[in-house]
Amino acid sequence: MAEGIKDKVVILGMGCSKFGERWESSPSDLMVEAFEECIADAGIEKDQIDAAWFGAGIDSFNVGASAMPLSIALRLNYIPVTKVENMCATGTEAFRGAVYAVASGACDIALALGVEKLKDTGYGGLPQRSRGVENDMYWPNLSAPGAFAQLAAGYQAKHKLNKQDLKRAMAHVSVKSHANGAKNPKAHLQREITEEQAMNAPFIAEPIGLFDCCGVSDGSACAIVTTPEIAKRLGKENLVSVKALQLAVSNGTEASHKSWDGSYLKTTRIASQRAYNEAGVKNPKQEITMTEVHDCFSITELVTMEDLQLSKEGGAIKDILDGTFDADGSNPCQIDGGLKCFGHPIGASGLRMIYENYLQFQGRAGARQLPDPKLGLNHNLGGFPHQNICSISIIGPYG
Amino acid sequence: MIGITAYGAYYPRGRLSKKAIADANAWFDAGLNAHAKGERAFCNWDEDTITMGIEAAQNCLSSLPNSELSTLYLASTTFPFLDRQNSVLVSEALNLDSGVRTMDIAASQRVATSALIALLEAGHSKPGLLIASEHRKTKAGSRSEMLWGDGAAAVTVGSDGVLAEFICAETAAVDFVDHYRGEDSSFDYDWEERWIRDEGFMKIVPSVIESLLSKASVKACDIAHFVIPTDQARTPAALAKKLGIPVEAIVDNGVSTLGVAGAAQPLLLLANALEKACPGELILVTGFGQGCDAILLRATQEVSNYRPIRGFSGAAGHRREETNYNKFMSFNNLVERDIGKRGEADKQTYLSGYNRRKDLLTGFIGGKCTKCGTVQIPREKYCVNPDCHALDSQDDYPFSAQKGTVKTWTADRLTFDWNPPAYFGMVQFDNGAKLMMDFTEVEEGGIDSGSKVSFHFRIKQFDTQRGFRKYFWKAVIS
């Protein structure tokens, strides 16, 4: 069995742009904003970067194809740059490329950067786009909230829930994230809301209402990674390392085989268990002290708590309403506001999650600093409940 | 013995209240108030001549499960495609053999009776299927908007299990231009109603019927069911009286309940007559348009035992009232709607890709693994069963007649749909397969996990830029 990635790679520096409706900023502007913070944090020169991985989710409304937009925006010195795309899990995919390159010994220092410019479409929500020549002919013309609303229907049917009980727990998920986002100056949405507001907002895709949806944002985030040895040589202290990096990709079973009932994310269960094994986590509820999960919609976060084994099956509603995942709960989730309020520039989101871990472990999270974070888990999901890509990274203090 | 061996009918579920038409338009033409009682059948946005024709044919063929057909004729004046044989698409959606002889027959209100005569006189060794389907566009506030409806019917002609025996037929071809629709027009142009009655119906029809009855040595007073398709309220009775046919024999044109379905009307009324006919009764079917066809049939003993899955009365009774006139206008593309930027997305159909997946898209064909027995859709190279994954192991497996259950669903108000919200979700088929698919004709509060569904061929999308429309199967709550 493979050794895994644990403690082989550390984060040298990270950066993240302000997320939001950045009408004034081009994708290049956003990339430079994140990168300048990152390279200053890393304390190296641009020419010390051996290779880069560039994540951008939607070609048609963003930077266009290939790795060139990153190389041009940052004026990189003709180094190898690889473009990656794995839907909303793109940011973690870029990170994975850079981390694996360093771990392999092929690179000493590598860059991962994700960017998305979603607000050039002229309308709200994610851009309308093709799902491929053949899929477009028979797939429903589903929006992202429409796809994730299926999860609510599946969860409700499986656990024989009252609609309102599920909706209230979904509302609490959003209220908590808004409270956290209000303490984050880089967050897209920085306003607190009430459960009643969330419950009473108009439906986007039943039972998902306006406040069950994450922000559709412009933004960029990046990381520079290296080996622990090089980081120490560069004089870095309080090193933050990668404990696990896993990916599970649907193979069509959920979409076409009766074994999946639509009430959970099969990929999350598989990828998180692999990640726990890789990081040596035996009891996630005890050992994982913070989570950044892919709360594209409140129902996704609710279900994910069970898929990550932080709630028992069918127990997420009670745990959520008990405040388990609130900032002052036993397992704070989305302490930076999450996709819900920090925002969701697709290609950047996975890196934004890791950025929050990194700040928390370095004690640099400002008003939202957690008292004693030990291990952070990041859950980055691309696609739809019935077929998707799930990335899990576990990050923590080195050693 | 040759004759009708099966029949089926279909009306779209939507029934537009005629009061809604009058409320919107009587300011311009107060005469519309005279017709403002009852309702008319109209297509959902995703229905057309092809989809209705398939529904009627499925209804008809449900009583002939294993019958091999010789022919499929599709009669209409409202084909979605002018050069792409519509009947071939219908044939493939019905999963008929490619050796079935298909033909589109068009351009007259008596197209269905002319095609029926051709089938009755052809003497094919295997049954022939005739479908008539009509979806006419009408101008806002017109008399035709009030009096017409959309619908389809189908019959099979053969020699086994004859429900109504063919006695004889008669035709007069007369270029009497009561109305016409030129190649560049979406709408009919017609002449004065009284002139059509006096110089058209009353002069052309009687001589054809008299000649027919004489040939058959049948007295007019013995006709039990008289099919005379028209939107003119008094003309059938005037004709019956003139010919000596009992007025009670007239099969109601349903002007105030369903609307007159143009080229499909003769077969719809024939289906209605066959549903009511007793053994031995005579049925006279006429079609009027550039002359007149008349067909004489005699109901057999079999007619009493015949029960299609829905039948004429089932189709006529399957209804949902619509009082929103604007919705009718929008569904018929009679008003330029702001469909939003999401509606602007390119709907190009890549024909080579379409052709590759035609079995799925048109035939709703999935696969059944010969190694593990798992039924699945869409069919891919490897079996979907996680414990199997056999390569190239699947036989064709048709899904169109399957039943299923809603596993998950939503009403999506963000995505573009011609009738928002868009309902879609995961369907669990009774055969074990699963598919994320569109639901159509869902009423608010009428769907939940566990709802039972059946599957129907519908329009998936319009490519207005290129004049194409693509079809796929959708789930309808049973």
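**Close-up 1. Helix α3 of chain A, residues 90–104, in the predicted model.** Let's start with the helix itself: α3(A) has 15 residues and spans 21 Å from its first C-alpha to its last, close to the 21 Å expected at 1.5 Å a residue. Just after α3(A) comes A:Gly105, with a positive phi of about 90 degrees.

**Close-up 2. The surroundings of α3(A).** Twelve of the 15 residues in α3(A) are buried, so this helix is largely enclosed by the rest of the structure. Among the buried residues you will find A:Glu93 and A:Arg96, as well as A:Phe95, A:Val99 and A:Val102.

**Close-up 3. Where α3(A) meets helix α15 of chain A, residues 349–361.** Here the two helix axes come within 5 Å and cross at roughly 70 degrees, which makes α3(A) roughly perpendicular to α15(A). On the α3(A) side, the contact is made by A:Thr90, A:Gly91, A:Thr92, A:Ala94 and A:Phe95; α15(A) contributes A:Ser349, A:Gly350, A:Leu351, A:Arg352 and A:Ile354. Sorted by class, the contact has four nonpolar, five polar and one charged residues.

**Close-up 4. Strand β18 of chain B, residues 404–412, and its pairing partners β19(B) and β21(B).** Now over to chain B, where eight of the nine residues of β18(B) are buried, so the strand is largely enclosed by the rest of the structure. Strand β19(B), residues 422–429, pairs with β18(B) in the antiparallel sense over eight bridges, and B:Trp409 stands opposite B:Gly425 of β19(B). Strand β21(B), residues 452–463, also runs antiparallel to β18(B), joined to it by two bridges; there, B:Thr405 has B:Lys452 as its bridge partner.

Methods. Residues numbered from 1 in each chain as written. Chains lettered and ligands numbered in written order. Predicted model: local features only at pLDDT ≥ 70, side-chain atom pairs only at ≥ 80, totals over all residues. Helix = DSSP H or I, 4+ residues; strand = E, 2+ residues; numbered from the N terminus. Expected span 1.5 Å × (residues − 1). Buried ≥ 20, exposed ≤ 12 C-beta atoms within 10 Å, placed from the backbone. Axes fitted to C-alpha atoms, helices over the stretch in contact; angles between N-to-C directions. Parallel < 35°, antiparallel > 145°, perpendicular 65-115°, else oblique. Contact = placed C-beta atoms within 7 Å. Nonpolar A, V, L, I, M, F, W, Y, C, P; charged D, E, K, R; others polar. Pairing = 2+ DSSP bridges.
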